[in-house]
Amino acid sequence: MIQEAKRECRGTWYLPAGRMEPGETIVEAMQREVKEEAGLLCEPVTLLSVEERGASWIRFVFLARPTGGVLKTSKDADSESLQAGWYPRVSLPTPLRAHDVLHLVELGAKFCQQAMHPLILPQELPCSVVCQRLVTTFTTVQSVWVLVGTVGTPHLPITACGFTPMEQRGGIKVAILRLLQECLTLHSLAVETKGLLGLQHLGRDHVDGVCLNVLVTVAFRNPGIQDEPPKIRGENYFWWKVLEEDLQKLLLYRLQESSVIPLSR
């Protein structure tokens, strides 16, 4: 935990956190903030959670381990923080800057006891916009289908996140519904965003977009006996039936166990 130095929250306690700077990767930003605010060097273990308030505010939460440095004391106080300290999670220092960290601390502890998803870190690949690559699935007892785009080479659908007031209020999941409305009759379907399978970002050369790989499920609201996925409108998409056994098992495991990075507002 670090003790804040900023005027509006001076003296309160929080997890090391801060905004990215131009040209940084997500991991570099995390490591810089931990060094500036806590005095420690660290290595990321995995992304724990991604939080969003529309495309203009996205927070990446990491589980990390210290690898060096010296814990910051009150003698080292500066504009970044007043001090840092290790505390039992059941006895955190007060007052807290905000109580949203309590859930994150518990999430980290839970992951250390039993990993909820594979170890996942951002892939350093360029992306020019804030967008989502959708792994949209429909499942029956014996089969799995994935939605595929047909324009150009067959591909997983990608939808750019908008910056309109409506999309800022509704969050980046609005972009998922916008894409699915192009090809499916949604009033008869239940659409659920399960979470993230991964993400890509680079941040260099003035390319500061991020692409989130999102696992989505589509199901009939009144399923009955449905052996086929919902009908596609138009020619830009089709349902691809997964026949490779290993891939089918992996998708079913990710779906059934919610083995994804939580995506929350």
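Visitor: Is Arg-204 buried, exposed or partly exposed?
Guide: Arg-204 comes out partly exposed, with a relative accessible area of 32%. Keep in mind that this is a predicted model.

Visitor: OK, and what does the Arg-204 side chain meet in a salt bridge?
Guide: Glu-28, at 2.8 Å from N to O. The two sit in distant parts of the chain, 176 residues apart. Arg-204 is in the loop between strand S9 (189-201) and strand S10 (210-220), while Glu-28 belongs to helix H1 (residues 26-38).

Visitor: How accessible is Glu-28?
Guide: Glu-28 has 31% relative accessibility, so that one counts as partly exposed.

Visitor: Switching topic: which residue does Arg-59 pair with?
Guide: Arg-59 forms a salt bridge with Glu-51, and their closest N and O atoms are 2.7 Å apart.

Visitor: Buried or exposed, that Arg-59?
Guide: Buried, at a relative accessible area of 19%. The cut-off for buried is under 20%, so Arg-59 makes it. Its partner Glu-51 is buried too, at 11%.

Visitor: And what about Arg-89, where is its partner?
Guide: The partner is Glu-106, with 3.1 Å from N to O. Glu-106 lies in helix H2 (100-113), and Arg-89 is in the loop between strand S5 (81-84) and that helix, 17 residues away in the chain. Arg-89 is partly exposed at 40% relative accessibility, and Glu-106 is partly exposed with 40% as well.

Visitor: Which residues do shared salt-bridge partners join into one network?
Guide: Glu-21, Glu-24, Arg-32, Glu-33 and Glu-36.

Visitor: How many salt bridges in the whole structure?
Guide: The search finds 15.

How values were computed
Residues are numbered from 1 along each chain as its sequence is written. This is a predicted model: local features need pLDDT of at least 70, side-chain atom pairs count only at pLDDT 80 or more; totals for chains, interfaces and linings use all residues. Side-chain values use heavy atoms; hydrogens and water are left out. A salt bridge is a side-chain nitrogen of Lys or Arg within 4 Å of a carboxyl oxygen of Asp or Glu. Helices (H or I, at least four residues) and strands (E, at least two) are DSSP runs, numbered from the N terminus. Buried means under 20% relative accessible area, exposed over 50%, partly exposed in between (1.4 Å probe, protein chains only).
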